[in-house]
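Below are my notes on the model, set out as numbered points. Please read them with the coordinates open.

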Amino acid sequence: MKINKLQLLSLSGILGSVLMFTGDMLLYYEPVSGLEYDSVARMGTMPIQRLMAGGLIGPIASIFSIIGGYIFYMVFKPHNKTLAKILFANFAILFIVAGTYHAMFTNYGFIGRLPESLQPQQILFIKTYLKSINNVVYFCGILFTLLLFYLVIFKKSLYPKWMLLFTPTLLILMAGFVKDYIPYPLGAIVYGGWINLCFMLFFIVCFIYFSGRKIIDHELYEA
């Protein structure tokens, strides 16, 4: 069966999510419940080589996720090319910054090797820096979500309204509500990998839905 362009982009997004999830598990996986999950404490016990591998995967994974995100431009450009560009740009910036955050997060593990008297100050520095990175992610995520909902609700496109239920930036907000209910040993997997699992699910849904090649050929290249 021939795979169309939107499916290929979806596969790239899936690969990016799988790689980022793998990086997370390298950084802090351990068999715990959601209540017991503590990524920072766990990274302090991880081998240096594993921390380095986990951190380096982040920027590489972001490349595949950004390629996958081009699906938004492809789908919406026939209906509003300018907003389609802005939507994709927000998605791309979000993952460029997310890859940086992932790589920087590894520093918690390195700080865990320092004498305990030095750790609090160093952790404060990292938290302050990562918070500034998070602010960019939040801004891009909010703008991306608003634009996506506007285009889907008010513009007739290949993107069905029901797929908004799988919007990753919305599903991510649910993480805090599920943490206490995640049983052993899935705490680090489900809660620790929640963000990347949300994006993975989204791109899987895209891959399945955009398998209708006849519909895609008819509508995708109108503009």
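1. Asp 180 is partly exposed, because its relative accessible area is 47%, and partly exposed covers the range between under 20% (buried) and over 50% (exposed). Asp 180 belongs to the loop between α8 and α9. Its C-alpha atom and that of Tyr 37 are separated by 9.8 Å, although the two positions lie 143 residues apart along the chain. Note that this is a predicted model, and every value in this note is to be read as computed from it.

2. The loop that holds Asp 180 also holds Pro 185, between α8 (175–178) and α9 (187–191). The peptide bond that joins Tyr 184 and Pro 185 is cis, with omega at about 5°. Anyone preparing this model should be aware of that cis bond between Tyr 184 and Pro 185.

3. Helix α3 covers residues 48–76, which is 29 residues. Does its length agree or disagree with the expected span? At 1.5 Å a residue the helix should span 42 Å, and its end C-alpha atoms are 44 Å apart, so the two agree. The helix does bend, by about 25° at Gly 58. A proline, Pro 59, follows within four residues of that point.

4. A nonpolar patch on the surface is formed by Ile 48, Met 52, Leu 56 and Phe 110. Together these residues have about 360 Å² of accessible area. Helix α3 gives the most to the patch, with 3 residues. One of the patch residues, Leu 56, is placed in helix α3. Leu 56 has a relative accessible area of 58% and is therefore exposed, the cut-off being over 50%.

5. How many salt bridges does a search of the whole structure find? The search finds 1. Arg 42 forms a salt bridge with Glu 30, and the closest N and O atoms are 4.0 Å apart. The pair links distant parts of the chain, 12 residues apart: Arg 42 is in helix α2 (residues 39–43), while Glu 30 is in the loop between α1 (5–28) and α2. As the salt-bridge criterion is within 4 Å, the stated distance of 4.0 Å should be read together with that cut-off. Arg 42 is partly exposed at 23% relative accessible area, and Glu 30 is also partly exposed, at 21% relative accessibility.

6. A search of the whole structure finds 0 disulfides. Why are Cys 198 and Cys 206 not bonded to each other? The sulfur of Cys 198 has its closest cysteine sulfur in Cys 206, 14 Å away, so the distance is too far for a bond; a disulfide needs sulfur atoms within 2.5 Å. For Cys 206 the closest cysteine sulfur is in turn that of Cys 198, at 14 Å. Cys 198 counts as buried, because its relative accessibility is 5%. Cys 206 is buried as well, with a relative accessible area of 0%.

7. Helix α10 (residues 194–209) contains Ile 208. Is Ile 208 buried or exposed? Its relative accessible area is 56%, so Ile 208 is exposed. Ile 208 and Ser 10 are 198 residues apart in sequence, and 9.0 Å separates them in space, C-alpha to C-alpha.

8. Asp 24 sits in helix α1. This aspartate is buried, because its relative accessible area is 8%, and buried means under 20%. Asp 24 and Gly 192 are 168 residues apart in sequence and 7.2 Å apart in space, taken from C-alpha to C-alpha.

9. Leu 147 is located in helix α6 (residues 119–154). With 12% relative accessibility, Leu 147 counts as buried. Between Leu 147 and Phe 210 there is a C-alpha to C-alpha distance of 21 Å in space, and the two are 63 residues apart in sequence.

Conventions. Residues numbered from 1 in each chain as written. Predicted model: local features only at pLDDT ≥ 70, side-chain atom pairs only at ≥ 80, totals over all residues. Heavy atoms only, no water. Helix = DSSP H or I, 4+ residues; strand = E, 2+ residues; numbered from the N terminus. Expected span 1.5 Å × (residues − 1). Bend = angle between axes of the 7 residues up to and from the residue. Patch = residues over 30% accessible without salt bridge, like charges linked within 9 Å, V, L, I, M, F, W, Y side chains within 5 Å. Areas by Shrake-Rupley, 256 points an atom, 1.4 Å probe, with all protein chains shown as cover. Salt bridge = Lys/Arg side-chain N within 4 Å of Asp/Glu carboxyl O. Buried < 20%, exposed > 50% of the residue type's maximum accessible area, 1.4 Å probe, protein only.
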